[in-house]
Amino acid sequence: MDASLLLKNASYRKQAVMPEDYPLLVEFWDMIHAARPAAAIFRLRADAGRKPLMLQGWPEPGDEVYSGFLKGAFLPGGYGSECYNAQLSMRVGDADYPVFTIDLERDTIKEANAAADGLFMRQKRGAGLLTLDDVAPQDLGQQLMGAARQAAQDDAWSGTLMLGNTERGLFSAHVRLTPWGRPEERVVRVALVSVEDKTLLQPFDTASDEALRPGDLRPALESLWGACGPEVDGLMLSHIQSGRGKVTVFGVGRAFASLEWGAVHAYEGTIAQDIERFDLSSLLVEDTLDSVKSVDWALFAPQGVRSYYALPFYAEHGLHAVLILASRKAKTFGADADVRYADVAEAFGNLLRRWRQKP
């Protein structure tokens, strides 16, 4: 084996490595490009797999260097059939990124690791394996299965897919699909190499959702505000239309009692612009009186708002809305806000899904 060619030449790797082990080796290169620690054990065709090798790599902190090594791997028991099946199962379960396998004969998920369960919030459903609807409902499932069948036919499929469910919301992910195990079993391994942090709103489902009528928005927001603690003096929906250079705000609660319903503001200088410019997952302002943002002085300070917590929500076109919880006291919201108001955020997302489809 030419170690240099193995590391540099993809065609050589495919010719040199045993077909059963090739998917993990391909995935190792995905991990390198994603700057993630990775390891892969594989065998060579040249010696019929008698001397397995290990590749291991990791990103160096503070720079763009990726280090690693190639060495012999010792596996007690060798690569007998039972040992090999255990190795396959281990490589699903031990990965620290989401991995699951799809049985193409039954159109079901066969295995899933803890990272996949956590990502798709399986714990909310109770016991049992993930299902295809849990990871890719409706038309998204057809796209996933199409990619899986292509991977089984062409040895691999790599690209971006939209995944998610009602609890998690929708998100995009770079996915690597590869045949897994014995060819006759028709199983495909799905590895989510990198997951987009921005959660998209779930599509409107006319079979189970009722569109929110324009007159129902205020009472729906007031109900959400009522679910917040007494420290929250107001709740706002900021509808983002960055392409048109404006945001429209709808506020309820004590702090926004005198605010014009549906007031329009310029996008420039808003919370939404900061969130998009700096790619923020949320935004905390401890005291608006110390703020340099124009929106804080134009919108919040006149209403007596001293601190607020803002959480973005995305749709297919980009940033769609921002949930804002406001307080008339400084430093009301801390680093635990994402967890503390998780139920309010989930309910707000459900409201947005119905509201953005209003007739």
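Accessible areas here come from the Shrake-Rupley method with a 1.4 Å probe. Keep that in mind as you look at the outside of this protein, which is a predicted model. The accessible surface of the chain adds up to about 17,500 Å², and carbon and sulfur atoms hold 51% of that area.

Now for the overall build. The chain has 359 residues, and 48% of them count as buried. If you trace the secondary structure, you'll come across 12 helices and 14 strands. How do the parts of the chain meet? Take the contacts with a separation of 6 or more: 51% of them are between residues 24 or more positions apart.

Next, let's go inside. How many cavities of 30 Å³ or more are there? The count comes to 3, and the largest cavity has a volume of about 70 Å³.

So what lines that largest cavity? You can pick out Met236, Ser238, Val247, Val249, His265 and Thr270 in its lining, and also Ile271, Ala272, Val295, Leu299, Phe300 and Ile324. Two strands, β9 (234-241) and β10 (246-252), each give two or more residues to this lining, and so do the helices α9 (271-278) and α10 (294-300). Which element gives the most? That's α10, with 3 residues.

Finally, have a look at the kinds of residue around the largest cavity. Sorted by class, 9 of the lining residues are nonpolar and 3 are polar, while none is charged. Ser238, His265 and Thr270 are the polar ones in the lining.

How values were computed: Residues are numbered from 1 along each chain as its sequence is written. This is a predicted model: local features need pLDDT of at least 70, side-chain atom pairs count only at pLDDT 80 or more; totals for chains, interfaces and linings use all residues. Side-chain values use heavy atoms; hydrogens and water are left out. On a 1 Å grid over the protein atoms alone, a cavity is a set of points where a 1.4 Å probe fits but cannot get out, and a pocket is an open set with protein on both sides within 12 Å along at least five of seven lines; lining residues have an atom within 4 Å of a point. Grid points are joined across faces, edges and corners, and a volume is the space filled by probe spheres set on the points. Helices (H or I, at least four residues) and strands (E, at least two) are DSSP runs, numbered from the N terminus. Buried means under 20% relative accessible area, exposed over 50%, partly exposed in between (1.4 Å probe, protein chains only). Contact means heavy atoms within 4.5 Å.
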